[in-house]
Amino acid sequence: MTHATPFPPFRRWLAARSDGFLADVLRNRPDALSPPPRSSDALAGRLQLRSSVHRALADLDALELGVLEAAIDLGGDAEPVRAADVVDELRSSLAAAGVPAKDRPTIAHAREALDGLRSRALIHGDGPGGAGAFSGRSTRKSADDWEDHLMVADEAVAALPPGWRLIPRPGEPSVAELRSALDAADERQKKLLGTLAEAGGLGTTRDASEDADPSLPVPRLIGAGLLERIDDATVRLPGRVRALLRGTVPPDGPPMLRPGAVATVEMRDVDGAAAGAALELLRQVRALLELLGERAAPTLKDGTIGVREHRRLVESLGVGDAGLARVVAMSASAGLIHVGTPRPLPEDDSGGDYLAPTVLADTFLEEPAAQRWARLITGWLASEEAPWMVGAEGPAGKPLALLSPDARRAGAPELRTRLLRLLCEGVEPGSGIADVRARFASHRPISSSHCPDDVLAEILSEFAVLGLAAPVGGGAGSVIGAGASGAGRAAAGEVGEAGALHDDDLAGALAAFLPKPATQFIVQADLTLLVPSPAEGTFLETLESFTDLESPGLASVHRISEESVRRALDAGTSVADLHGFLSDRAIGEVPQSVTYLIDDVARRHGRLRGGPAAAYLRCEDPALLAQVMADPIAEHLGLRRLAETVAIAQVAPPAMIAALRDAGLSAIAEDPLGAALDLRPRPHRVPEAPRRPAPPARADDGRISQALQAIQAGDRAADTGDGTRIDMDDDPATGAAAQALLHRAARSGSDVTIGFVDRNGRAGRRKVRPVTVSGGQVDAVDPATGQVLRFLLHRVTEVVLDA
């Protein structure tokens, strides 16, 4: 068909769109919002950046990707194609792949998917429907010149994963068959495949001909489907094999592209279980901060935690290796701990760095539970930490240590955000990893392909620990129950660009899922206190000063013992204070067994009292002071008796009191007026918390409106001559368009003529068949000689697609 006018390039097409359509594009592509684009040309440039296109592709579902793939197969990345032909191509490809008719998308489904791609600016063009939609019937009396035609966005093909193919071609091996072939390959064959994967996937060999010895590695790999023969001297590593070698999960088998009904799931007590998990995490984080505050953990020269310190932290916190890695990573992501020089310095300081709480930890410990929970969630969803990698083999062949920089994943924030949103869309009760995987592969195929099963299981386990999803079955995260909890839905609702959240916005929503803080407890005759809900603030601080936590949870159990009471008295708490706290906070009467225990410990406590002289030691019982003077500790401290009840020492009071307590003698420090002093050391703190980057603002209506106003102002200035407007048409000899043409030729096996300049500045032209385009270079084969050629993209001057 001959058209009277050329198909509008993307920039011109975008400039003609309505404000409502541009608002939808910005809502779907929020990375183009910051800062507000100054014109439609600037917006078009941002939308065509490969990084932006890559993020947009990762948010497509299987049907949208299938439609995009069909458009690319028809050449829609180089020239306009009819929407009806794209739909037919999709349906015929599914039929050839053996997908039953009842499982194929209808024409209406496929056209709605085209509208989804159009609203993300991944295709451009107008359909017959209202406002240019590809779905719906036309109400116009006559069709426009290019009505119902479209083109695929620049960089869409390049931004797809290498070798990506959602709809399998007839006769090609399945992913399961490729996995089996890889497992059956010997070490020599695997080494050859690994070399090809690192070298771009294309290689030359004398063993590629059809009459080569079948016992050689290359013919065997070709026969197993792990290599493709280009000609008698050239082989190529298939994209799906390269993906498997890199640990990704390419699509396997015909996908389910026909949309189904959204299942509704009744959730019972999900929020209660999730709140319990979150409160346990808050307790562990608090315990870690107190532990590192008392004794900062020294790091090795490479900034990691050594085996001895790792063991100490595991035993002190009562968690396993995986649990320690997770709580350390979550605390660090929230800015609560960091590596640096703490103040005060440890007594045995060796001059190195330490892992210690930051100054933000003091604020964190005083905040309400909802605010602390929000801090952990916002930090974690924006974090690249991958704690499941701690203990796994690293690049050097050794297990990765705690705080290793290699225990991070660059795409972790986006992956966590997409999975959280997936759970919010509904997952059947009791569903396991396989069920979540199937839903993930259907809703976000590209993201799913970059998430191996073990990583998927770890992220779901993190959600359960954070209270974003409710675990059922054998422990936190082992099986996911009814999708996201209320807290998970609140977090997903507040999430912004790149997984960014805002603490204050989220804390208010989380408060509704937490029980009210406890203000009273039940004191039992077996010396235990039952706290019916979570304790916070000064109430918790006082409670923990004279009890030990025996059973954590929403309702916790604390035990009173001689040692715990003595600890409170050593810190300067009086007997009257303890009795007063118990009588004020107890529900009912305080049992006599508790009262007798406190009085008995107090009667034997603090009879030795020390203060500054260098240090003096006094006691109202001469016999007890005589016992101390007879103890070897007296010589160590340089004690000299001045009277029956007074002695002086040659060390400072804190050292004297500590030594007496280590010797099993109950001693307390006092000031000049005889009041008890708390000699506990000041907790270690890193002077400044690491600065977390400010989370980008969400794509809300206000920011979108601001961007639209900026675009309108810029376009008006360009139209009146007050600004400069550069209109870059689809010239195949320029930058991005040339790369897109090379990608299309590599995908379809077409020949092109490349103009280039060599290293000596001489210009040349060569007819070649592109094979791979990546890493700033083009690997191609001369169709006449079979020679493999490599062109650097910055030396390419023109690309012409041969007819």
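Visitor: Leaving aside its neighbours within four places in sequence, which residues is L324 in contact with?
Guide: Let's start by noting that this is a predicted model. Contact here means heavy atoms within 4.5 Å. With the neighbours within four places in sequence set aside, the residues that L324 touches are H310, L313, V314, L317, V319 and L402.

Visitor: Which residues touch the most other members of the largest nonpolar core, and which helix gives the most to this core?
Guide: The largest nonpolar core has 66 residues, and L324, I377 and F463 touch the most other members. As for helices, the one that gives the most to this core, with 10 residues, is helix 13.

Visitor: How many residues are in the second, separate core?
Guide: Look for V99, A110, L117 and I167, which are included in this second core. It is separate from the core we just visited, and its number of residues is 37.

Visitor: Is R286 buried or exposed?
Guide: You will find R286 in helix 13. Its relative accessible area is 15%. Buried means under 20%, so with 15% R286 counts as buried.

Visitor: Which residue shares a polar contact with the side chain of R286, and at what distance?
Guide: Not counting residues up to four places away in sequence, R286 touches L365, L540 and E544. From that group, E544 has a side chain joined to the side chain of R286 by a polar contact. So the partner is E544, because a polar contact needs N or O atoms within 3.5 Å, and the distance for R286 and E544 is 2.5 Å.

Visitor: How far apart in sequence are E290 and R286, the two residues that meet in a salt bridge?
Guide: The side chains of E290 and R286 come together at 3.3 Å, N to O. E290 is partly exposed at 34% relative accessible area, whereas R286 is buried. An α-helix has 3.6 residues a turn, so residues three or four places apart point the same way. Both partners lie in helix 13 (residues 270–294), about one turn of the helix apart, and the separation in sequence is four residues.

Visitor: Which helices hold D453 and R437?
Guide: These two side chains meet in a salt bridge of 2.9 Å, N to O. The pair ties together parts that are 16 residues apart in sequence, because D453 lies in helix 21 (residues 453–466) and R437 in helix 19 (residues 433–443). D453 is partly exposed at 47% relative accessibility, and R437 is buried at 12%. In the order you asked, the helices are helix 21 and helix 19.

Visitor: How many residues apart in sequence are the parts that R765 and E798 tie together?
Guide: R765 forms a salt bridge with E798, and the closest N and O atoms are 2.1 Å apart. R765 lies in strand 23 (residues 763–774) and E798 in strand 26 (residues 796–801), so the pair ties together parts whose separation in residues is 33.

Visitor: Which of these words, exposed or partly exposed, fits R765, and which fits E798?
Guide: R765 has a relative accessible area of 54%, while E798 has 26%. Exposed means over 50%, so R765 is exposed, and E798 is partly exposed.

Visitor: Which residues are joined into one network by salt bridges that share partners?
Guide: The structure holds 36 salt bridges. Some of these share partners, and the residues joined into one network in this way are E562, R566, D600, R603 and R604.

Visitor: Which residues of helix 28 are buried, and what arc do they cover?
Guide: Helix 28 covers residues 622–630, and its buried residues are L624, L625 and V628. They lie on the same side of helix 28, because the arc they cover around the axis is only 100°.

Visitor: Which residue caps the N-terminal end of helix 28?
Guide: The face turned away from the buried side carries the exposed residues A623 and A630. The backbone nitrogen of A623 lies 3.1 Å from a side-chain oxygen of the capping residue, D621.

Visitor: Where does P552 lie, and which residues is it in contact with, leaving aside neighbours within four places in sequence?
Guide: P552 lies in the loop between strand 14 (548–551) and strand 15 (556–559). At 37% relative accessibility, P552 counts as partly exposed. With neighbours within four places in sequence left aside, P552 contacts E280 and R283.

Visitor: What share of the residues in the protein chain is buried?
Guide: The protein chain has 32 helices and 26 strands. Among its 803 residues, the buried share is 47%.

Definitions and conventions:
Residues are numbered from 1 along each chain as its sequence is written. This is a predicted model: local features need pLDDT of at least 70, side-chain atom pairs count only at pLDDT 80 or more; totals for chains, interfaces and linings use all residues. Side-chain values use heavy atoms; hydrogens and water are left out. A salt bridge is a side-chain nitrogen of Lys or Arg within 4 Å of a carboxyl oxygen of Asp or Glu. Buried means under 20% relative accessible area, exposed over 50%, partly exposed in between (1.4 Å probe, protein chains only). The arc is that of the directions from the helix axis to the C-beta atoms. A polar contact is a pair of N or O atoms within 3.5 Å; within protein, one must be able to donate a hydrogen and the other to accept it, and residues adjacent in sequence count only if both atoms are side-chain atoms. A nonpolar core is a set of buried Ala, Val, Leu, Ile, Met, Phe, Trp, Tyr and Cys residues joined through side-chain atoms within 4.5 Å.
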